[in-house]
Amino acid sequence: MSTGKSSAQEFMQKFGRFLSAMVMPNIGAFIAWGFLTALFIPTGWMPNEYLAQVGGPMSKWLIPLLIGFTGGSAIYGHRGGVVGAIATSGIIAGADIPMFLGAMIMGPLGGWCIKKFDNAITDSIPGGFEMLVNNFSAGIMGGILAIISYMVVGPVVLSVNDVLRSGVEGIVGLGLLPLVSIIVEPAKILFLNNAINHGVFSPLGIQQAEEFGKSMFFLLEANPGPGLGVLLAYSLFGKGTAKASSPGAMIIHFLGGIHEIYFPYILMKPTLILAVIAGGMSGVATLVMLDGGLIAPSSPGSIIAILAMTPKGAFFANIADVVVATAVSCAVASVFIKASKDEEGEDGLANAQENMAAMKAASKGVSGEKKVSGKDLKIIVYACDAGMGSSALGAAALRKKLRRDGYADISVTNCAIGNIPKDAQLVVSHEKLAARALEDSPQAEHIWVKDFMQNNVYDIVSERLKGVDKADAPVADAERVKEGILLKENVVVGMKPVGKIDAIRAAGEMLVSSGYVEKPYVDGMIARELDISTYIGKGIAIPHGENAVKQYVKKSGIVILQFPEGVDFGNGNKAHIIVGIAGKDNDHLAILANIASAMDECSDDELQKLYTTADANVLYDMFTKSE
């Protein structure tokens, strides 16, 4: 998977993400300030002059310092955060308005300056003086930056703020604010919503709310109406899966505030972008006309959060904003959906969801643009959350195929995300773990899959290896089935059908009773399944614990449960064989390699025999056979 984009687009995405990353972790402080203000200011719900004083220092000092610290931390960890916060204090002291924009400048600048200083002098510090130099350098550097920010940066930012404020007031005065939706709504579909909302609108909104007690900027992106209208139109006039799934999506979007849920419905029919633009513009026009707004950012963009951040006297305006946006968006979307000649059934929505996942990964900095040439490819790593099940199976299958082709010198291993080797050249991970995998190994090329077994990784690798010299002789597989990993008594056939959670719990309890794991590991197996399915195809599931419960593994062990009638793992997948895994020191990998071989080499008839045999020895022999 890769996402082609220009350098300008890439820069804007990175810049937007960075702005958003300084604000998002501190949303709780914004909400606390908003609640205090909404309650105790003279026009609030419970006017109290004494308690109203609490909110002032939050917007003046606390929130900018948090932003400055977060920005510095993003550049150079805690040390960068401290210097960033010190530098930010200077710009706060020199202004009479909340310095959010200034904090976004001085925080990262402070982190960058101390990082460069440390890199320059690290090798020159005498032994035993490290702590002294580190403490004084941070203090002196921060103090200098605070003075610079007070005398130079502060006045510049105030001037810029005055220009922005005048521009915004001019737009509002001319009645052009609704046109902002032409930019905002498409940007949301490109997953720039947080960058725009928290990187641009929130700082401007906070300043406006300080003066007027509310701001429309908080509702420009957060309004759930445009997306709700599209989903409503699909529920009324859509077809196939899109129509059936839209009611559930409406609940998640409107009440949960997860706007990403409606993006695939628009990607499936791009002309619907006109519907959300029309809905957004209509909503903003209503907001301007009725003088609505919020006291603080609404995060997430749920109707519940919006109402919670609505100040006294603005409920009608804000609700009307959402209702009008929903109605207009639904009306426009209905026209396009009803006029559509194509079927948007299963494939349409599924393809749109895949596109959305790729775009979301790209918006987070995940990219597959790096490409390792075949002649240089020597180290391939499969990575999953725990590194003991899905990734091990995928690695075993690919390793076997490459050795069969004569490429025995290519290392194919597996591990947990967080432990990916720094020399990994090609990393294969689940698409839900894409951002974590890239952060752990930015030097590598990344391939993201929905399923570790049923994918095109082998095709990609083998295509690159065409023309590359093969190893002189295949390397013998050094992995052996170690005694005690799979016991005959832990192969159970003919089990009655149950739900997948009960089946996983049964496998987990068998691991516990056999002394492989402690009881908390079973809960980790269930949590892993709820996060990412362990069904791997061809009637086999391999439930195992998530990374958080690996400490409860005593020793490597595997249990096998056969369900002739199958266990429903969702999406039409039935598992007839459930392999419960507890992995430690990779002792279990040989058995997983055999499972991978069985999936690859067994015909459907042979697999059916494994699913229905009444002889446990058949399964035991299949999964413990030597190469």
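In which order do the strands of the five-stranded open sheet stand? Before the answer, it helps to know that this is a predicted model, in which local features need pLDDT of at least 70 and side-chain atom pairs count only at pLDDT 80 or more, while totals for chains, interfaces and linings use all residues. Residues are numbered from 1 along each chain as its sequence is written, and side-chain values use heavy atoms, with hydrogens and water left out.

The order of the open sheet is E5-E8-E9-E7-E6, and its pairing is mixed. Strands E5 (491-492) and E6 (535-537) stand at the edges with a single partner strand each, so one side of each has no neighbour in the sheet. Strands, which are DSSP runs of E with at least two residues, are numbered from the N terminus, as are helices, which are runs of H or I with at least four residues. Two strands count as paired if DSSP finds at least two bridges between them. E5 is joined by two bridges to strand E8 (residues 557-568), and these two run parallel; here valine 492 stands opposite leucine 561 of E8. As a general matter, the strands of a sheet pair through backbone hydrogen bonds, either parallel or antiparallel.

Another strand to follow is E1 (residues 379-384), in which five of the six residues are buried, a word that means under 20% relative accessible area, whereas exposed means over 50% and partly exposed lies in between (1.4 Å probe, protein chains only). E1 pairs in the parallel sense with strand E2 (residues 411-416) over six bridges, and it is also joined by four bridges to strand E3 (residues 426-430), again running parallel. Tyrosine 382 stands opposite asparagine 414 in E2, and in E3 the bridge partner of tyrosine 382 is valine 428.

Turning to the helices, arginine 464 belongs to helix H19 (residues 457-464) and counts as buried because its relative accessible area is 18%. Leaving aside neighbours within four places in sequence, arginine 464 is in contact (heavy atoms within 4.5 Å) with Lys371, Val372, Gly374 and Glu445. Leucine 101, in helix H5 (residues 100-121), is partly exposed because its relative accessibility is 28%. Although leucine 101 and proline 203 are 102 residues apart in sequence, their C-alpha atoms are 6.8 Å apart in space.

Finally, the cysteines: a search of the whole structure finds zero disulfides, where a disulfide is a pair of cysteine sulfur atoms within 2.5 Å. Cysteine 330 is buried at 11% relative accessibility, and cysteine 415 is buried with a relative accessible area of 11%.
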